[in-house]
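Visitor: Pick one spot in this model and look at it closely with me. Then work outward, so I can see what surrounds it.

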Amino acid sequence: MFSGLHENVMPNDGELANQALHEESNYKFPSFSASDAVTLGLSIRKRFRASSRHSKGKGLVISIQTIAGHTLFSCTVGDLGHSSGIGDVSLDSWTCLEGMISAVRRTGHSSYYVEKGMSAMGKTPKQLGLPGDIPRIQGGAFPIWLENAPCCPIAVAGCYSGSSQDDHNLVSTTVRDYLNKILRNSAGGDTTGPSMSNPSMPIPNVPPRTESDWLPEPSEFTSRRAETYDRHEVETEFSH
């Protein structure tokens, strides 16, 4: 009688953190150049402009930087100070985005993982050893890893529109699909590879874990990686 009540239960913060951890651990580039950064940034921009959020007046700021802070791509979707309010971006948008990117540099993890991890554990940024100058930590900044460089990310791709989950999903799915395009081009149509064994397979549901099992202590933030999982289907944007 009540068997259908739990079918649409939203995942808790611990499960969302685990999913973000699996994504960032599996989405690894064979190489990453300034040209890749521009292509990735323009793809993020294109997808947001095609979204219902943009059609309703939402704006977005995008930045892709090396781990050392060199800017590879940066743009705004929307107008600062537009008389009609279209785009609703501001100088504060860039401040928030820079803070999220700083969190990725400090931890080696996506800002969405850090946000959900803190929430699940009931911790503050200070308790996790994060810089006090970060205005807020929310989803939208994603680490760019290389397959043969497990020591640290090489770059960070980030966007900010004010919605943590939407911004994280926008960046992570664009990274995923760009990687699928690279794999198709390099393998002549074969999408199998060391980091994405079968992109046609969906990401499995991640069972909940204990606090100590999925969120590392501050000193371990940059050393924890997760095992490989399968990928989603390639979206049509990269099918040509």
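Guide: Let's start with Arg-53 and Asp-167, both of which are buried (under 20% relative accessible area is buried, over 50% is exposed and anything in between is partly exposed, using a 1.4 Å probe and protein chains only). Their side chains meet in a salt bridge, 3.9 Å from N to O; the term asks for a side-chain nitrogen of Lys or Arg within 4 Å of a carboxyl oxygen of Asp or Glu. The pair ties together distant parts of the chain: Arg-53 belongs to helix H3 (residues 52-55) and Asp-167 to helix H6, with their positions 114 residues apart. Helices (H or I, at least four residues) and strands (E, at least two) are DSSP runs, numbered from the N terminus.

Some ground rules before we go on. This is a predicted model, where local features need pLDDT of at least 70 and side-chain atom pairs count only at pLDDT 80 or more, while totals for chains, interfaces and linings use all residues. Residues are numbered from 1 along each chain as its sequence is written, and side-chain values use heavy atoms, with hydrogens and water left out.

Now follow the sheet that H6 sits against. It is open, with 5 strands in the order S1-S4-S5-S2-S3 and mixed pairing; two strands pair if DSSP finds at least two bridges between them. Strand S1 (28-29) and strand S3 (71-77) are the edges, each pairing on one side only. Helix H6 (residues 164-187) packs on this sheet and touches S1, S2, strand S4 (141-146) and S5, where contact means heavy atoms within 4.5 Å. The direction of H6 makes about 135° with that of S5; axes are lines fitted to C-alpha atoms, for helices over the stretch in contact, and angles run from 0 to 180 degrees between N-to-C directions.

S2 is worth a pause. Strand S2 (residues 60-66) runs antiparallel to strand S5 (residues 155-160), with 6 bridges between them, and Ser-63 stands opposite Gly-158 of S5. S2 and S3 are also antiparallel, again joined by 6 bridges, and Val-61 has Thr-76 of S3 as its bridge partner. These two strands make a hairpin with 4 residues in between, and Gly-69 in the turn has a positive phi of about 105°. Both faces of S2 are covered: Leu-60, Ile-62, Ile-64 and Thr-66 are buried on one side, as are Val-61, Ser-63 and Gln-65 on the other.

Some of those residues reappear in the hydrophobic interior. The largest nonpolar core counts 25 residues, and Phe-29, Phe-32, Leu-40, Leu-60, Ile-62, Ile-144 and Val-175 have the most contacts inside it. A core here is a set of buried Ala, Val, Leu, Ile, Met, Phe, Trp, Tyr and Cys residues joined through side-chain atoms within 4.5 Å. At least two residues each come from H2, S2, S3, S4, S5 and H6, and H6 gives the most, with 6. Away from this core there is a second, separate one of 11 residues, which includes Leu-16, Tyr-112, Met-118 and Leu-128.

Back to charges. The whole structure holds 5 salt bridges. One of them joins Asp-13 to Lys-116, with the closest N and O atoms 3.6 Å apart, and it links helix H1 (residues 13-26) to helix H5 (residues 111-121) across 103 residues of chain. Asp-13 counts as partly exposed because its relative accessibility is 23%, whereas Lys-116 counts as buried because its relative accessible area is 16%. Another is between Arg-176 and Asp-177, at 2.8 Å for the closest N and O atoms, and a network of salt bridges links Arg-47, Arg-176 and Asp-177. Arg-176 counts as buried because its relative accessibility is 4%, and Asp-177 because its value is 0%.

Arg-49, in helix H2 (residues 34-49), is partly exposed because its relative accessible area is 46%. Setting aside neighbours within four places in sequence, Arg-49 is in contact with His-54 and Val-77.

One caution about confidence: mean pLDDT is 78, and 69% of residues reach 70 or more (pLDDT is the predictor's confidence in each residue, from 0 to 100). Over residues 190-236 the pLDDT is below 50, though this stretch has 118 contacts in the model beyond near neighbours in sequence.
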